Amino acid sequence: MRNAHRGRGFGRTGGWQQADLPDPSDVPDWFAGRLPSEWFTGPPVIEIDRDEIVVIGELAIPQPEKTPETDDADTPVEEVPRATKEGAVARFRESTRPARMQIANEAQHRYRRNVAWGVSVDGERIMFTHLAVPVMTRLRQPERKVLDTLVDAGVARSRADALAWTVKLAGQHAEAWLEELREAMRKVDDLRSEGPQGL
């Protein structure tokens, strides 16, 4: 996913949409202090919205052993086998499960959001579990026809899948504009918090 954020989620942090939720602005700091330092190669990527906190850390992958034949500077570096990467992901997922559940429970109590976990391996993101939140909407016939076309063409299994697919596609093509919009909303929230109280 391009342009991931560390700690600055795309939900509003103080406006009307999150008035009843704890401020998540210190989520990265909390996880920095709470996560074991040996889990990831660096600070995890934290993504936040009104429903969920997603924590994605980069795993250290065992490198192929060097031999006298491959120790030459001119010899291309051998890629880590896919099975090695899959084994590292499986090992991390199983060995950290109890601790991740405990940390998730603590974060959910503090921020009233679910916590989802994932890892990144050589740029590939693997999610363990994350929410699929139902969103109700009303569509007129032209919009319904778009969804039905995607279903009829086999791109999606249902209207719900088709809607999720179109939202994902729109997000990919409008990410820069969406980020500008999120930043503008954050500035509005900051100005509102600096204004006269009790209005």
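**Exercise 1.** In this predicted model, determine across which strands helix α2 (residues 82-95) lies and at what angle the helix runs to β4.

*Solution.* Helix α2 lies across β3 and β4, running at about 35° to β4, where contact means heavy atoms within 4.5 Å and angles, from 0 to 180 degrees, are taken between N-to-C directions of axes fitted to C-alpha atoms, for helices over the stretch in contact. Helices (H or I, at least four residues) and strands (E, at least two) are DSSP runs numbered from the N terminus. Next, helix α1 (residues 27-34) lies across β1, β2 (52-58) and β3, and runs at about 140° to β1.

**Exercise 2.** Work out the strand order of the open sheet, and explain why one side of β1 and of β4 is left without a neighbour.

*Solution.* The four strands follow the order β1-β2-β3-β4 with mixed pairing, a pair requiring at least two DSSP bridges. Because β1 (45-48) and β4 (124-129) stand at the edges, each has a single partner strand, and one side of each lacks a neighbour in the sheet. From one strand to the next the twist averages 25°. Strand β3 (residues 114-121) runs antiparallel to β4, joined by five bridges, and V121 stands opposite E124 in β4.

**Exercise 3.** Describe the surroundings of D49, in the loop between β1 and β2.

*Solution.* D49 is buried yet has no salt bridge, the nearest side chain of opposite charge, R113, being 5.8 Å away; buried means under 20% relative accessible area with a 1.4 Å probe, protein chains only, and a salt bridge needs a side-chain nitrogen of Lys or Arg within 4 Å of a carboxyl oxygen of Asp or Glu. A polar atom of the D49 side chain lies 2.9 Å from the backbone nitrogen of D51 and one lies 2.8 Å from that of E52.

Residues are numbered from 1 along each chain as its sequence is written, and side-chain values use heavy atoms, leaving out hydrogens and water. Local features need pLDDT of at least 70 and side-chain atom pairs count only at pLDDT 80 or more, whereas totals for chains, interfaces and linings use all residues.

Key
Buried means under 20% relative accessible area, exposed over 50%, partly exposed in between (1.4 Å probe, protein chains only). Lys and Arg count as positive and Asp and Glu as negative; His and the chain ends are not counted. A polar contact is a pair of N or O atoms within 3.5 Å; within protein, one must be able to donate a hydrogen and the other to accept it, and residues adjacent in sequence count only if both atoms are side-chain atoms.
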